[in-house]
Amino acid sequence: MISEKTDRIVYMDNNATTRVAPEVVEEMLPFFAEYYGNPSSMHTFGGQVGQKITEARQRIAALINASPEEIIFTSCGTESDSTAILSAVQSLSDKRHIVTTRVEHPAVKNLCESLYSISGHKHKVTQIPVDKYGMLDLEKYRDSLTDETAIVSVMWANNETGVIFPIKKMAAMARERGILFHTDAVQAVGKIPIDMTEVPVDFLSISGHKLHAPKGVGVLYVRKGTRFVPFLFGGHQEQGRRGGTENVASIIGMGRACELVAARMDDENTRVKALRDRLEEGLLQAVPRAILNGHKTERLPNTSNVSFEFVEGESILLHLDRFGVCASSGSACTSGSLEPSHVLRAMGVPFTAAHGSIRFSLSVYNTDQDVDYVLEHLPKIISDLRAMSPFWQETVTEKAE
Ligand SMILES: *Cc1c(COP(=O)(O)O)cnc(C)c1O
């Protein structure tokens, strides 16, 4: 039977959060008990901490080919998203329209949807639809841009399916009409090359814990010259653009993490991608009525979202958990509710498949043995679960008739 207790952990949930790299931990540790000064202090003891923050800012800027003054530290990806969108709404208060997509992370989706009520019903939000591969309709996007539009907010890569959007093209279309462009690049930064001198993007969000830095630190890139209204008012930190004493150790950790992901990007796009592909092809071959969700090629190298028809994703996860395999059904934020994920619904994935969707998201810490292990256990888990499912029995019987 499918129950087994194991000490082994096979972590394939890196789009939810990542392991903090040991090199990152090492670089952070002195900044708790030893170099605990406030970077804003006048004394040398604090000032040396300020220098390490400057270095972190440079390392992060280098990863996306930005300049250090364009990097603002925040507390998370969610704060970066809120800051960008609310800044645009406040600095362009005569423009009352926002363009986004149906498949954004809740950090953007829920903010855009709430703006309507926050602003006393003055704001209109257009959510661009996607096709069955999760790709955006660019015609509809172009048509949605108006003179009333303050900002466009479109994610660079989707956290559930890994689908990558044509951000360069979309940002150029917004720029042409004088509209600000924000991208939630939390899943893209560190996995695919990003060069801010090549894309006309005004705001870009990054989160530390999605790229092997700790939780609770993020970055908002703001292009030089872009009008900006802070989200947190307070001291002069971040040149008055974000009040609050810096999360020093985490910021330093994020700087180191950005250096590491830059050095490992080739590995991510060759070895990790090959692991992902072998896992995906293995599952699609071994399990009948398994379907890939998302675009086959326009996709992050680490993400695979597969539906196993007529099985509950939650049950699959519970059984995988017994083998120490960590994955996700839909997005972490949507599990716990019975609704299938808004991303799969927007793609028109049928109910019977959306309920049985599992997201595997790998990292440079995964190995060939990890993939073998999942391929060894998962097909059996699915067939055992289906053997207990009346819907599956009906389907099989219909087929046989
Ligand atoms: C994780 C994630 C966020 C939120 O980042 P936090 O640092 O957890 O607030 C935003 N957008 C996307 C696409 C994400 O995957």
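**Exercise 1. Find the partner of glutamate 27 in this predicted model, and work out which parts of the chain the pair ties together.**

Start with the side chain: glutamate 27 makes a salt bridge with arginine 59, and their closest N and O atoms sit 2.9 Å apart. That passes the test, because a salt bridge calls for a side-chain nitrogen of Lys or Arg within 4 Å of a carboxyl oxygen of Asp or Glu. Next, place the two ends. Glutamate 27 belongs to helix H1 (residues 22–28) and arginine 59 to helix H3 (residues 44–63), so the bridge links parts that are 32 residues apart in sequence. Searching the whole structure turns up 26 salt bridges.

**Exercise 2. How many salt bridges cross the interface of domain 1 and domain 2?**

First get the bounds straight: domain 1 is 10–19 + 264–400, while domain 2 is 22–260. Across their interface, the rule finds one salt bridge. Now look at glutamate 23 and arginine 264, whose side chains meet in a salt bridge at 3.0 Å, N to O. Check that pair against the bounds: residue 23 falls within 22–260 and residue 264 opens the second segment of domain 1. Polar contacts add to the picture, with 18 residue pairs across the interface.

**Exercise 3. Describe the interface of domain 1 and domain 2: what area is buried, and which residues of domain 1 supply the most?**

Begin with the spacing: the C-alpha centres of the two domains are 29 Å apart. The contact draws 32 residues from domain 1 and 36 residues from domain 2. About 2800 Å² is buried between them, with carbon and sulfur atoms giving 57% of it. On the domain 1 side, Met265, Leu300 and His342 supply 21% of the area buried against domain 2, more than any other three residues.

Now for the elements and residue types on that side. Helix H9 (248–286), strand E10 (303–308) and helix H11 (342–346) each bring at least two residues to the side of domain 1 that touches domain 2. Sorting the residues of that side gives 10 nonpolar, 16 polar and six charged.

**Exercise 4. Which residues come nearest to the ligand, and which atoms lie 2.8 Å from a ligand oxygen?**

Of the 13 residues around the ligand, the nearest are Thr78, Asp184, Gln187, Ser207 and Lys210. Then go atom by atom. Glycine 77 has a backbone N or O atom 2.8 Å from a ligand oxygen. Histidine 209 uses a polar side-chain atom, also 2.8 Å from an oxygen of the ligand. Lysine 210 likewise has a polar side-chain atom 2.8 Å from a ligand oxygen.

Terms used: Residues numbered from 1 in each chain as written. Predicted model: local features only at pLDDT ≥ 70, side-chain atom pairs only at ≥ 80, totals over all residues. Heavy atoms only, no water. Domains from an automatic or database assignment. Contact = heavy atoms within 4.5 Å. Buried area = accessible area lost by both parts, 1.4 Å probe. Polar contact = N/O pair within 3.5 Å; in protein donor to acceptor, adjacent residues only side chain to side chain. Helix = DSSP H or I, 4+ residues; strand = E, 2+ residues; numbered from the N terminus. Nonpolar A, V, L, I, M, F, W, Y, C, P; charged D, E, K, R; others polar. Near = heavy atom within 4 Å.
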